[in-house]
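Please open the structure in your viewer and keep the selection tool at hand. The tour below moves from one selection to the next and says what is to be found at each stop.

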Amino acid sequence: EEVCASLPVIPAKQRRSLVTECGISLKDSAWIVENKARDFFLATTSLCPDVDAALVARWTVGPLAGLLRKIPSVSYEKPPLTPDQFASVLRLLFSRGVITKLTADRVLGTMADGDVSLADAIVDRKRWEQIRDRTEVEAACDAVMHAENESRTLSYYAGRVQRNVDGRIHP
């Protein structure tokens with residue numbers, strides 16, 4: 001038993017355990033295991049139990065992986081941010097609804113650039129909190145509508161509004 005306990009867990013078993021214990025897709029679990037992100041994923045999941053593990057997995061293999069690919073000599077074994085930092089971003093995005101996905105990407109980029117703060121502090125410092133006040137949203141829309149002389153599509157106006165408020169309005 002002692003020898004068996006000291007042996008590493010084979011990848012197939014790791015993938016299966018992520019699927020059955022965490023409820024994530026087989027595709028995400030395969031990516032997480034193959035990229036040695038299992039410990040990072042499990043640590044993040046334990047730090048934000050109010051966020052569905054499937055969402056943590058999607059952000060681990062999606063936005064965070066994309067960010068890590070841009071940084072030379074970085075991996076999930078030595079990431080530029082901690083699971084606690086990553087969990088703080090996911091909590092603001094999914095549990096509290098304080099930031100948009102665009103802002104979450106920006107916060108991750110700030111962390112990857114060396115900011116060791118948690119997401120709350122970065123969002124407060126940079127004033128990146130999502131705009132929820134209906135009056136503010138209407139004012140942003142009115143500003144775009146009055147500045148434009150031509151008739152355009154709705155998606156054009158929505159894009160202009162988002163650009164003017166740095167993506168802080170939930171579409």
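How are H6 and H7 oriented to each other? Before selecting them, bear in mind that this is a predicted model.

**First stop: H6 and H7**

Select helix H6, which covers residues 83–95, together with helix H7, which covers residues 101–112. The axes of these two helices come within 10 Å and cross at roughly 165°, and H6 and H7 are therefore roughly antiparallel to each other, since angles over 145 degrees count as roughly antiparallel. The crossing in which H6 passes H7 is right-handed. To see what makes the contact, show the side chains of Gln85, Phe86, Ser88, Val89 and Leu93 on H6, and those of Lys101, Ala104, Val107, Leu108 and Met111 on H7. Sorted by class, the residues of this contact are 7 nonpolar, 2 polar and 1 charged.

**Second stop: H5 against H7**

Keep H7 selected and add helix H5, residues 53–69. The axes of H5 and H7 come within 10 Å and cross at roughly 50°, and the two helices are therefore oblique to each other. Here, too, the crossing is described by its hand, and H5 passes H7 in a right-handed crossing. On the H5 side the contact is made by Trp59, Pro63 and Leu67, which meet Lys101, Ala104, Asp105, Leu108, Gly109 and Ala112 of H7. When these residues are divided by class, 6 are nonpolar, 1 is polar and 2 are charged.

**Third stop: Pro63**

Now narrow the selection to Pro63, a residue found in helix H5. Is Pro63 buried, exposed or partly exposed? Its relative accessible area is 28%, so Pro63 is partly exposed, given that this class lies between the limits of 20% and 50%. Leaving aside its neighbours within four places in sequence, Pro63 is in contact with Arg58, Asp105 and Leu108. If you draw a distance from the C-alpha atom of Pro63 to that of Gly109, the two atoms are separated by 9.9 Å, although these residues are 46 residues apart along the chain.

**Fourth stop: H2 and H4**

Clear the selection and choose helix H2, residues 11–22, and helix H4, residues 38–47, which pack at an angle of about 15° with their axes 12 Å apart. That angle makes H2 roughly parallel to H4, and the crossing of the two is left-handed. Show the side chains of Gln14, Ser17, Leu18 and Cys22 in H2, and you will find that they meet Arg38, Phe41 and Leu42 in H4. The residues of this contact divide into 4 nonpolar, 2 polar and 1 charged.

**Fifth stop: the two sides of H4**

Stay with H4 and colour its buried residues, which are Phe40, Phe41, Thr44 and Thr45. Why do they lie on the same side of H4? They cover an arc of only 130° around the axis, which puts them on the same side of this helix. An α-helix has 3.6 residues a turn, so residues three or four places apart point the same way. To see what covers these buried residues of H4, bring back the surrounding helices, including H2, helix H3 (26–34), H5 and H6.

Then turn the view to the face of H4 directed away from its buried side, where you will find the exposed residues Asp39 and Ser46. Asp39 counts as exposed because its relative accessibility is 61%, and exposed means over 50%. A distance drawn between the C-alpha atoms of Asp39 and Glu77 comes to 8.2 Å, with 38 residues separating the pair along the chain.

**Last stop: two loop residues**

Finish with Ser73, which lies in the loop between H5 and H6. Ser73 has a positive phi of about 55° although it is not a glycine, and with a relative accessible area of 79% it is exposed.

Then go to Arg127, placed in the loop between helix H8 (119–126) and helix H9 (134–147). What sign does the phi of Arg127 have? The phi of Arg127 is positive, at about 60°, although this residue is not a glycine. Arg127 counts as exposed, at 70% relative accessibility.

Notes:
Residues numbered from 1 in each chain as written. Predicted model: local features only at pLDDT ≥ 70, side-chain atom pairs only at ≥ 80, totals over all residues. Heavy atoms only, no water. Axes fitted to C-alpha atoms, helices over the stretch in contact; angles between N-to-C directions. Helix = DSSP H or I, 4+ residues; strand = E, 2+ residues; numbered from the N terminus. Parallel < 35°, antiparallel > 145°, perpendicular 65-115°, else oblique. Left-handed = near helix turned anticlockwise from the far one by under 90°. Contact = heavy atoms within 4.5 Å. Nonpolar A, V, L, I, M, F, W, Y, C, P; charged D, E, K, R; others polar. Buried < 20%, exposed > 50% of the residue type's maximum accessible area, 1.4 Å probe, protein only. Arc of directions from axis to C-beta.
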